Amino acid sequence: MIKKITFFVLLLAVAFFFVFPAQQYAPVTGKSVIGMTLADYRVYLKNNPPLDRLYRSGDTYFFLVENEVILELESQGFPFQVKDIPLPGINAPQTSTNGDYHSYQETKNKLYELAERFPNLARVFSIGQTIEGREIYVVKISDNAAVSEAEPNVFIMGCHHAREWISVEMPLLFAQYLLENYPTNAGVRRAVEGAQVYILPIVNPDGLEFSIHYYRMWRKNRRYNGDFCWGVDVNRNYGYKWGYDDIGSSPSPISEAYRGADPFSEPETRAIKAFLIENPPVGALSYHNYGQQILYPWGYIDELTPDDAEMEAIAEEMSELIFQVNGRGYTYGPGASTIYLTNGDSDDWIYATFGAFAFTIELPPLSLFNGGFITSEEEIALTFAENLPAMIYFVNYYIPGPWYNQAEREGPIKSRPTPGNIEK
Ligand code: 0X9
Ligand code: ZN
């Protein structure tokens, strides 16, 4: 009897194979990267809608396509190649293409590991999901992390922009540093005991994964805007003075600074808005690269806020603390006049909504000639070392009571940084 069943199952399997032969390239659902020559693509466009173009290499154009498109191309007899790259599932771990930089999954693993090692000091939770279904993770670091205490909330973010990989590392390494050095470092102890530090290392995980796996220079999220165009600039989608003009953001979906259809149209900014309304911050840092700048409101207009003097003083102190580590100068000033006009960015909305001092830190390098968005693995440790004292200072700033290095602060006036004094 058993033999008969086995035989029958085998027969079914063979029959199944003939009816549904194995796909040559990929399963029907999901996505693949394919390459086509420009000449073939032009022919393809005559009868088909455009594809999501990633990049060009020589004569070949590479596209991200639904696997159904591959079947369609086959049936129309188009010559194309499937690029042999690992395709990430939403939760697929990977370690190769991003070196020491943390992917979404690696960041998530690290946050949960930290929470497990330091259960009293760290709690990880999601504040929402992205368009592609990834969770947006925050780690809260404070003594009695499980409890909401009457302590100032400080909010630290990275990776609004997908290609700015080093901006993930600052918040993530800071979380680790706070937890591992709590017993020994006076500034850390004061921060963890006196504040609730909320750390969101990857604001835009869909974009980051796209940058790691498909196209390194991707900036926006992965919203489909219609007309075969993707992405909203998450840092133009916040609700304060959203779309104030077309200089500080763009109404055009193909622009790298596309502000989205409405204020807070994107899940990333909506999640941050809801979270901060529940946990109003007194101070916020948002890491980006590149440029070596410390920016604060306003971004939407070239005018000073009523708190300009205080925000300038904080930026000056952070710039000095950074300079003292590696001798690299970070300039500082209101965003609009120091970098360029931006409307709908995180700093303006956080400052306007909560009165919190909100800073964007543009990490190294200084310019495109020093690598621009592409930073080396060695740069992670250097950049973190130079930003750490400023991060500790920033959290402590909001905590009343005696300072952690009072003696140092009463010492001689420190040398001012030379803007752009970079050794490379
Ligand atoms: O354009 C941006 O969003 C930031 N620069 S980046 O090269 N990393 O994209 C700058 C944001 C500046 N913020 C304010 N001016 N407030
Ligand atoms: Zn950026």
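The following is a conversation between a biologist and a modeller about one predicted protein model with a zinc ion.

Biologist: What kind of model is this, and how are its residues numbered?

Modeller: This is a predicted model, in which local features need pLDDT of at least 70 and side-chain atom pairs count only at pLDDT 80 or more, while totals for chains, interfaces and linings use all residues. Side-chain values use heavy atoms, with hydrogens and water left out, chains are lettered from A and ligands numbered from 1 in the order in which they are written, and residues are numbered along each chain from 1.

Biologist: How many helices and strands does the chain have?

Modeller: Both are DSSP runs numbered from the N terminus, where a helix (H or I) has at least four residues and a strand (E) at least two. Counted in that way, the secondary structure of the chain comes to 13 helices and 12 strands.

Biologist: What share of the residues in the chain is buried?

Modeller: Buried means under 20% relative accessible area, exposed means over 50%, and partly exposed lies in between, with a 1.4 Å probe and protein chains only. The chain has 424 residues, and the buried ones make up 54%.

Biologist: Which atoms of the protein are donors of the zinc ion (ligand 2)?

Modeller: Donors are N, O and S atoms within 2.8 Å of the metal (3.2 Å for Na, K and Ca), and sites may look incomplete because water is not among the atoms. Along the chain the donors follow the spacing H-x2-E-x123-H. Glu164 lies in the loop between strand S7 (153-157) and helix H5 (166-180) and His288 in strand S9, so the pair ties together parts that are 124 residues apart in sequence. At 2.0 to 2.3 Å from the zinc ion, the protein donors are His161 (ND1), Glu164 (OE), Glu164 (OE) and His288 (ND1).

Biologist: Is Glu164 buried or exposed, and is His288 buried or exposed?

Modeller: Glu164 has a relative accessibility of 2% and therefore counts as buried. For His288 the relative accessible area is 2%, so His288 too is buried.

Biologist: Where is the cis peptide bond that involves Tyr290?

Modeller: Most peptide bonds are trans, which is why a cis bond deserves a comment. Tyr290 is placed in the loop between strand S9 (281-289) and strand S10 (293-296). With omega at about 15°, the cis bond joins Asn289 and Tyr290.

Biologist: Which residue does the cis peptide bond from Pro297 lead to?

Modeller: The residue in question lies in the loop between S10 and helix H9 (308-326). The bond has omega near 0°, and it leads from Pro297 to Trp298.

Biologist: What is the phi of Gln292?

Modeller: Most residues other than glycine have a negative phi. Gln292 is found in the loop between S9 and S10, and its relative accessible area of 1% makes it buried. Although Gln292 is not a glycine, its phi is positive, at about 55°.

Biologist: What covers the buried residues of H8?

Modeller: H8 has 12 residues and reaches 17 Å from its first C-alpha to its last, close to the 16 Å expected at 1.5 Å a residue, where the expected span is 1.5 Å times one less than the number of residues. Its buried residues are Pro267, Glu268, Thr269, Ala271, Ile272, Phe275 and Leu276. Taking contact to mean heavy atoms within 4.5 Å, the cover includes strand S5 (122-129), strand S6 (135-141), S7, strand S8 (196-200), S9 and helix H11 (346-354).

Biologist: Which residue forms a salt bridge with Arg117?

Modeller: A salt bridge is a side-chain nitrogen of Lys or Arg within 4 Å of a carboxyl oxygen of Asp or Glu, and a search of the whole structure finds 10 of them. Arg117 lies in helix H4 (residues 104-117) and its partner in helix H5, so the pair ties together parts that are 63 residues apart in sequence. With the closest N and O atoms 3.0 Å apart, the partner of Arg117 is Glu180.

Biologist: Which residue meets Glu266 in a salt bridge?

Modeller: Glu266 is buried, with a relative accessible area of 1%, whereas its partner counts as partly exposed at 25% relative accessibility. The N to O distance is 3.1 Å, and the residue that meets Glu266 is Arg223.
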